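Trainee: Before I plan around this protein, could we go through its model together, one question at a time?

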Amino acid sequence: MDSTLLRSKALPTPKDNNLVKIAVEMTGKTPQLIEFNQKQPLSTIIQELCNYWNLIDADLYALRFNMEASRAFVSEQNRLEVKNGHVLQLGFSPGKITQSILDQLSPQSAHEDKIKAVQELAGYATDPTFTAEFTEKQGMKMLITYIENLETGKLSDQIIVHVLPVFVDLMDHGLTQWDVLEPTFIKRIAYYINSQSNTQDPRILQAALSILESIAHNSSNKYSIVEKELTIPNLAMHLQNTSPAIQQNTLALINALFLKADDSKRTAMSKTINTRQIRNIIVMSIIQVPGVASGNEIAHQLHVLQTLMLNVLEAAMNRPIESGDVEALEKIKELRRIAFDNDGSDSVTPIKDVATRKQVIPRDFRKLGFKNDATPLNDFAQVPPGALALDAMVYFASYHPEKYSRVVLENSGRGDDYDCPFARAAIELTKLLCEILKIGEPPTEQGTLFHPMFFNHDHPFEELFCICLVVVNKTWKEMRATVEDFAKVFSVVREQITRVLVDRPPSQEVFKDRIAALTYAEITDLWQQERTSREKWESRSRPIMELRQQIEPEILELIQQQRLGFLTEGTRFSKYTNRGRVKDKFWYVRLSPNHRVLHYGDCDEKSVPALDELKEKLSVVDIRTLVTGKDCPHMKDLKGKKTTSQFPFSLMLDSHDVASLDFVAPDQQTFDYWVDGMNALLGNKMSSKEAMADLEFLLSMNTKLRLLDVEGLDLPEEPPAIPREPTNYDFAVEIK
């Protein structure tokens with residue numbers, strides 16, 4: 001027998017995961033194919049490359065990625081991103097490039113050299129390695145001084161149009177604090193915003209708005225300087241600009257000023273923004289322009305602005321009225337005067353007799369619907385709505401006196417049992433509107449919901465209150481309600497308001513027409529349809545329960561396939577760092593069709609990258625577990641900081657290089673779908689509210705389809721009893 005047949009097969013050499021095979025290029029040189037050792041110092045690798053190409057002084061050179069998605073310098077922080085098959089480029093180091101740029105920006109340099117230097121700087125400003133080197137060599141200090149001393153004029157504008165966007169990119173790395181900027185710098189930037197020149201390049205304005213917004217938002221002591229240099233009317237003029245980026249940055253700057261202002265300044269700013277001129281600009285230049293307000297970032301800024309303006313009411317909402325408040329008592333007396341001055345009753349005639357006055361005034365307060373007719377101020381002791389309710393009532397009586405008088409007098413003439421108590425209803429309605437509009441809650445980081453009709457009136461909340469109070473009175477009459485039905489009436493009113501607001505009516509008039517059409521009878525029909533649809537197939541009889549148990553695994557499999565399909569289509573997520581959300585930065589994640597690999601990479605706000613465009617990969621088998629909420633690593637980094645990130649989750653990995661892949665979903669549904677999908681991939685139970693709701697809905701629908709054959713039959717709660725065995729089986733027939 002051939003001895004070679006008896007030889008054992010040689011064991012394969014173990015693969016070294018620290019070695020990756022790459023190509024390195026250099027202009028004018030022959031490319032090299034090398035093994036890139038992740039454990040070897042970068043300086044050693046660069047030295048070997050320089051030796052091969054006969055380059056002296058290896059410290060002057062550095063490696064860069066040479067891909068469409070990234071041209072970043074390779075550093076110790078990102079070297080693990082170098083993968084098999086990558087092509088790197090050897091070029092001058094960040095230190096040499098920085099020194100060259102600084103030399104060209106020196107005062108004695110020619111104008112053309114300065115423009116060339118700034119343009120070159122723009123190509124490197126987004127690179128963290130370069131920015132660190134530029135900052136260390138006092139580049140940021142030189143750039144700040146350069147901007148402060150720049151004179152206005154055509155030649156200066158040719159440079160500033162590049163300098164300001166570069167400055168924004170460099171500051172985004174967080175290596176230089178916004179507090180270092182002096183008033184001279186802030187005033188220079190404010191000049192470009194306040195300038196009404198038609199010849200100014202829009203890139204200058206866009207960058208200037210972004211800089212002051214960042215100063216106002218991130219600086220601890222420079223807000224007052226920014227606030228003094230700008231006015232809301234001047235900023236509002238830029239909302240008419242046709243550039244969505246300028247509109248977005250303008251809204252962001254207004255919101256930053258609003259957030260940092262004290263209560264008195266917020267009230268003043270809110271009144272200014274609510275003036276007809278500024279409201280018309282927002283409506284006509286942004287909300288009514290197709291496609292503008294639908295963008296995530298502009299919609300988010302409108303959401304923030306509207307939330308902040310509504311939150312101006314928070315102070316009044318949380319302020320109880322004391323029994324000795326003279327000003328509030330005068331307001332209640334004014335309510336009484338407007339209601340009863342023209343009704344022809346004796347209460348109009350001056351009451352000279354003290355005893356008579358003591359009887360009439362409480363009687364009128366009782367007609368107005370106060371619980372405490374002797375001391376009506378006590379009705380406003382509860383917060384919310386506190387003093388806000390009284391302010392809304394006074395607005396209704398002052399601006400809509402005819403409607404106010406009609407509502408009060410109609411109810412004071414029906415009899416105590418059938419009266420809709422005006423004051424009590426107004427207080428409850430104010431509380432209800434505060435809940436629906438979430439007054440007092442901060443704007444969310446990714447929220448995009450806003451109501452266009454609130455930009456169509458200078459007193460939007462008060463006008464909404466007036467419309468809804470008439471609806472309360474109308475619904476009360478339609479329900480033929482008594483005082484005992486108070487809670488039922490307001491459950492209907494809540495439904496009426498929320499159903500109309502869901503469609504985001506463009507104006508108060510449209511809201512008024514739609515809610516008027518949504519009568520109590522209409523709400524009852526809608527409820528009945530929903531209840532019938534729900535209750536008919538939610539029977540808890542034993543046969544139905546057993547049927548549901550049999551088909552539940554099939555439904556769960558269907559939900560799991562839907563979730564995996566959602567992951568396969570992919571989702572765009574906002575980028576987060578340990579300092580919070582990064583504005584205008586997104587990344588896209590999608591699951592491969594075979595459900596084995598997650599593909600991810602950077603993207604812009606609107607694009608949907610194809611699978612092969614997402615360069616980063618993560619095998620599902622490398623995922624150890626899924627965590628959500630405060631257990632996420634990126635949420636632990638934000639501990640102690642203000643954040644409204646409501647939907648975080650993280651994939652914990654077995655890899656030594658990357659500990660986790662961290663996400664913040666834009667909304668509850670996306671969060672539930674991703675958590676369910678990842679749990680399905682990991683073999684865990686899908687436990688989200690969305691999964692439970694889908695399971696219940698599909699079980700009900702499937703049960704309904706299966707029971708069509710027995711429609712109209714009464715199913716017994718218990719199966720029929722099994723009869724006793726017969727005494728004999730003589731009746732049995734033997735078949736031969």
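Trainee: Which element gives the largest share of the lining of the second largest pocket?

Mentor: Bear in mind that this is a predicted model. The second largest pocket has a volume of about 1100 Å³, and the elements that give two or more residues to its lining are helix H14 (296-310), helix H22 (486-502), S5 and S6. The largest share, eight residues, comes from H14.

Trainee: How many residues in the lining of the second largest pocket are charged?

Mentor: The lining is made up of 43 residues, and those closest to the centre of the pocket are His303, Thr444, Gly447, Thr448 and Leu449. Divided by character, the lining residues give 17 nonpolar and 18 polar, and the number that are charged is eight.

Trainee: Is H14 largely enclosed or largely open, and how many of its residues are buried?

Mentor: For the 15 residues of H14, a rise of 1.5 Å a residue predicts a span of 21 Å, and the end C-alpha atoms are 21 Å apart, which agrees. As for its surroundings, H14 is largely enclosed by the rest of the structure, because the number of its 15 residues that are buried is 14.

Trainee: What kind of aromatic pair do Tyr52 and Trp53 form?

Mentor: The structure holds 28 aromatic pairs, and in this one the ring centres of Tyr52 and Trp53 are 6.3 Å apart with the planes at 70°. Tyr52 counts as exposed at 53% relative accessibility, whereas Trp53 is buried at 6%. Since planes over 60 degrees apart meet the cut-off, the pair of Tyr52 and Trp53 is edge-to-face.

Trainee: What kind of pair do Phe573 and Trp587 form?

Mentor: Both residues are buried, Phe573 at 0% relative accessibility and Trp587 at 10%. Their ring centres lie 5.9 Å apart and their planes are at 40°, so the pair is tilted.

Trainee: How many residues apart in sequence are the parts that the pair of Phe573 and Trp587 ties together?

Mentor: Both residues belong to one aromatic cluster, which also includes Tyr600, Phe647, Phe649, Phe663, Phe671 and Trp674. Phe573 lies in strand S5 (residues 571-577) and Trp587 in strand S6 (residues 580-591), so the parts tied together are apart in sequence by 14 residues.

Trainee: Over the face of which residue does Arg504 lie?

Mentor: Arg504 is placed in the loop between H22 and helix H23 (508-517), where its phi is near 50°, a positive value in a residue other than glycine. At 34% relative accessibility, Arg504 counts as partly exposed. At 4.6 Å from the ring centre, Arg504 lies over the face of Phe450.

Trainee: In which loop does Pro384 lie?

Mentor: The peptide bond from Val383 to Pro384 is cis, with omega near -20°, and a cis peptide bond also joins Pro384 and Pro385, with omega about 15°. Pro385 lies in the loop between H17 and H18. For Pro384, the place is likewise the loop between helix H17 (354-367) and helix H18 (387-399).

Trainee: How far apart in space are Tyr404 and Cys466, C-alpha to C-alpha?

Mentor: Tyr404 is found in helix H19 (residues 401-412) and is buried, with a relative accessible area of 0%. In sequence, Tyr404 and Cys466 are 62 residues apart, while in space their C-alpha to C-alpha distance is 8.9 Å.

Note on methods:
Residues numbered from 1 in each chain as written. Predicted model: local features only at pLDDT ≥ 70, side-chain atom pairs only at ≥ 80, totals over all residues. Heavy atoms only, no water. Phe/Tyr/Trp six-rings, centres within 6.5 Å; stacked < 30°, edge-to-face > 60°. Buried < 20%, exposed > 50% of the residue type's maximum accessible area, 1.4 Å probe, protein only. Helix = DSSP H or I, 4+ residues; strand = E, 2+ residues; numbered from the N terminus. Lys NZ or Arg CZ within 6 Å of the ring centre and 35° of its normal. 1 Å grid on protein atoms, 1.4 Å probe; cavity = no way out; pocket = protein on both sides within 12 Å on 5 of 7 lines; lining within 4 Å. Points joined across faces, edges and corners; volume = space filled by probe spheres on them. Nonpolar A, V, L, I, M, F, W, Y, C, P; charged D, E, K, R; others polar. Expected span 1.5 Å × (residues − 1).
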